[in-house]
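Visitor: I have a structure open here and would like some help reading it. Can we go through it together?
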Amino acid sequence: MLQKIEQIMQEIADLKATSAEEAENLRIKYLSKKGVLNALMADFRNVAADQKKEVGMKLNELKQAATNKINELKDAAQSQEQAGDDLDLTRTPYPIRLGTRHPLTIVKNEIVDIFSRLGFVLAEGPEVEDDWHVYSSMNFADDHPARDMQDTFFVESHPDIILRSHTSSVQARVMETQKPPIRVICPGRVYRNEAISARAHCFFHQVEGLYIDKNVSFTDLKQVLLLFAQEMFGPDTQIRLRPSYFPFTEPSAEMDISCHLCGGKGCSFCKHTGWVEILGCGMVDPAVLEANGIDSKEYTGYAFGMGIERITNLKYQVKDLRMFSENDKRFLDEFTAAN
Ligand code: DAH
């Protein structure tokens, strides 16, 4: 008898129930009138008198243990079922995973930040523009090839309305509402009708800078651009200006920085020249000032424009331009640390 009690005790300890119904079935099996324990109680009569005390105590223990265990199983199963009913599938899962800023946003912010410290203020203009702000006011001749269908997206039925192909249009927007001194930094998206590949896209991003005041000189421009290059790419960065042509600046230049991958020694990235081109710049053409209502005898100015993708590629060696607009989380996650 004692052995049997011991065995059932063990059985009870190992009981499991996945639902309240299962727990109830266990109660019926062990604790009901016709259950296992009552059957044992019935056997109690046959126990020898000298063992009755010990067996009786064990039986009581067993009954207590069975009652406790089955109640426990019932409670657990019930609260689990309730929790199941209340499960809120819309609840935010914790911990909340923060996203990352887009690499172009990171670099744009950095560029704007550097120029803000030099007193430039943010200015923006529309992406859907008119010919005047994008081209005519910027001194593009009527037959300038950049107006060609190949470069510019036109709005059908409104040949005057286009998607801006450079942020220089914001120069005109600013000049029509502000009087010199003007010192603005203008980031934004631009569009060109190009076949999409690793090296070209139909939209990309630029930052335009414009400074107009009395006695602004090319030296000022050079100094500001040197400071920018060193802030962006490190204090050892050197710059070099090469003569160039843009309709809206005279003289015009393109600026290279010493290749920061090889330190100027020459590598495949800089095509073994030690230099990489990063922006266009120049003194604002007096014709542009006049077209935008600013007296070119009183004021001079400089302007510059750079591609954000280009700067980002230099900083992070992104090999394929398409990565920037594919929203591939694996690519974006790589910029967590730069955030
Ligand atoms: N707008 C030019 C482009 O899209 C870039 C540029 C060059 C902007 C010289 C300027 C500048 O302000 O002075 O290629």
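Guide: Let us begin with a term: helices and strands are DSSP runs, numbered from the N terminus, with at least four residues for a helix and at least two for a strand. Please keep in mind that this is a predicted model.

Visitor: OK, so which helices and strands each supply at least two residues of the shell around the ligand?
Guide: The helix α7 (168-177) does so, and so do the strands β6 (203-213), β9 (275-284) and β10 (300-307).

Visitor: How many residues surround the ligand, and which are the closest?
Guide: There are 15 residues around the ligand, and the closest are H166, S168, R192, Q206 and E208. Sorted by class, the shell holds 8 polar, 5 nonpolar and 2 charged residues.

Visitor: What about S168, how far is its side chain from a nitrogen atom of the ligand?
Guide: An N or O atom in the side chain of S168 is 3.0 Å from that nitrogen atom. For oxygen atoms of the ligand, the side chain of R192 has an N or O atom 2.9 Å from one, and a polar side-chain atom of Q171 lies 3.3 Å from one. The ligand on its own has 350 Å² of accessible area, and the protein covers 88% of that.

Visitor: Switching topic: which residues form a nonpolar patch on the surface?
Guide: That patch is formed by Y94, I96 and L98, which together have about 410 Å² of accessible area.

Visitor: Where is L98, and is L98 buried or exposed?
Guide: L98 sits in the loop between α4 (52-86) and α5 (103-117). L98 counts as exposed because its relative accessibility is 73%, and exposed means over 50%.

Notes
Residues are numbered from 1 along each chain as its sequence is written. This is a predicted model: local features need pLDDT of at least 70, side-chain atom pairs count only at pLDDT 80 or more; totals for chains, interfaces and linings use all residues. Side-chain values use heavy atoms; hydrogens and water are left out. Patches are made of residues with over 30% relative accessible area and no salt bridge: like charges are joined within 9 Å, nonpolar side chains (Val, Leu, Ile, Met, Phe, Trp, Tyr) within 5 Å. Accessible areas come from the Shrake-Rupley method with a 1.4 Å probe; for residues, only the protein chains shown count as cover. A salt bridge is a side-chain nitrogen of Lys or Arg within 4 Å of a carboxyl oxygen of Asp or Glu. Buried means under 20% relative accessible area, exposed over 50%, partly exposed in between (1.4 Å probe, protein chains only). A residue is near a molecule or strand if one of its heavy atoms lies within 4 Å of it. A polar contact is a pair of N or O atoms within 3.5 Å; within protein, one must be able to donate a hydrogen and the other to accept it, and residues adjacent in sequence count only if both atoms are side-chain atoms. Ala, Val, Leu, Ile, Met, Phe, Trp, Tyr, Cys and Pro count as nonpolar, Asp, Glu, Lys and Arg as charged, and the others, Gly among them, as polar.
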